[in-house]
Amino acid sequence: MNFFKTLLITTALLAQSAFAAVNINQADAAQIAEELKGIGLSKATAIVAYRTQNGPFKTVEQLTEVKGIGLKTVEKNRAEILLK
């Protein structure tokens with residue numbers, strides 16, 4: 001019985017992490033840094049500052065306009081980035 005309980009908990013945790021996503025047009029810097037790989041608080045703060053100055057992101061690729069964020073980082077996180 002313990003095996004099945006462990007399996008159920010593990011499956012639930014994996015499913016939760018598989019669907020973790022962040023709306024870069026609404027999230028604060030801490031949320032962005034927590035959810036996206038390779039994005040620390042400094043880059044997340046830059047994302048929020050860019051969004052504040054230029055309006056909401058229209059495409060995921062537009063993140064590359066933020067200093068310090070390249071296409072590799074965008075591609076690594078594409079599945080976790082929401083725009084709406």
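Glu61 sits at 37% relative accessibility, so it falls in the partly exposed class, between the 20% and 50% cut-offs. Its side chain meets that of Arg78 in a salt bridge, with 2.8 Å from N to O. Keep in mind that this is a predicted model. The rest of this briefing walks through the charged pairs, then the overall layout, the nonpolar core and one buried asparagine.

**The Glu61, Glu75 and Arg78 network**

- The Arg78 and Glu61 salt bridge ties together distant parts of the chain: Arg78 is in the loop between α4 and β2, Glu61 is in the loop between α3 and α4, and the two are 17 residues apart.
- Arg78 has a second partner, Glu75, and here the closest N and O atoms are 2.6 Å apart.
- Through these shared partners, Glu61, Glu75 and Arg78 end up in one salt-bridge network.
- How exposed is Arg78? Its relative accessible area is 30%, so Arg78 counts as partly exposed, being neither under 20% nor over 50%.
- Glu75 is in that class too: it is partly exposed, at 43% relative accessibility.

**The Lys37 and Glu80 pair**

- Lys37 and Glu80 form a salt bridge as well, and their closest N and O atoms are 3.5 Å apart.
- This pair also spans distant parts of the chain, with the two positions 43 residues apart: Lys37 is in the loop between α2 (29-35) and α3 (41-54), while Glu80 is in the loop between α4 (71-77) and β2 (81-82).
- Is each partner buried or exposed? Lys37 is partly exposed at 42% relative accessibility, whereas Glu80 is buried, because its 16% relative accessible area is under the 20% cut-off.
- Counting everything up, the model has three salt bridges.
- As background, side chains of opposite charge can pair when their charged atoms come close.

**Overall layout**

- Which elements build the protein? There are four helices and two strands, and along the sequence they run α-β-α-α-α-β.
- The protein has 84 residues, and 31% of them count as buried.
- If you take the contacts with a separation of 6 or more, 43% of them come from residues 24 or more positions apart.
- The accessible surface adds up to about 5800 Å², and carbon and sulfur atoms hold 62% of that.

**The nonpolar core**

- The largest nonpolar core has 19 residues, and the members that touch the most others are Ile32, Ile47 and Leu63.
- Two elements, α2 and α3, give two or more residues to this core.
- The top contributor is α3, which supplies four residues.
- What does Ile32 touch once residues up to four places away in sequence are left out? The list is Val22, Ala27, Ile39, Ala44, Ile47, Val48 and Arg51.
- Ile47 therefore turns up twice, as one of the core members with the most touches and as a contact of Ile32, where contact means heavy atoms within 4.5 Å.

**A buried asparagine**

- Asn77 lies in helix α4.
- With a relative accessible area of just 1%, Asn77 counts as buried because that value is under 20%.
- Leaving aside residues up to four places away in sequence, Asn77 touches Leu36 and Lys37.
- That brings us back to Lys37, the residue that has its salt bridge with Glu80.

Definitions and conventions:
Residues are numbered from 1 along each chain as its sequence is written. This is a predicted model: local features need pLDDT of at least 70, side-chain atom pairs count only at pLDDT 80 or more; totals for chains, interfaces and linings use all residues. Side-chain values use heavy atoms; hydrogens and water are left out. A salt bridge is a side-chain nitrogen of Lys or Arg within 4 Å of a carboxyl oxygen of Asp or Glu. Buried means under 20% relative accessible area, exposed over 50%, partly exposed in between (1.4 Å probe, protein chains only). Accessible areas come from the Shrake-Rupley method with a 1.4 Å probe; for residues, only the protein chains shown count as cover. A nonpolar core is a set of buried Ala, Val, Leu, Ile, Met, Phe, Trp, Tyr and Cys residues joined through side-chain atoms within 4.5 Å.
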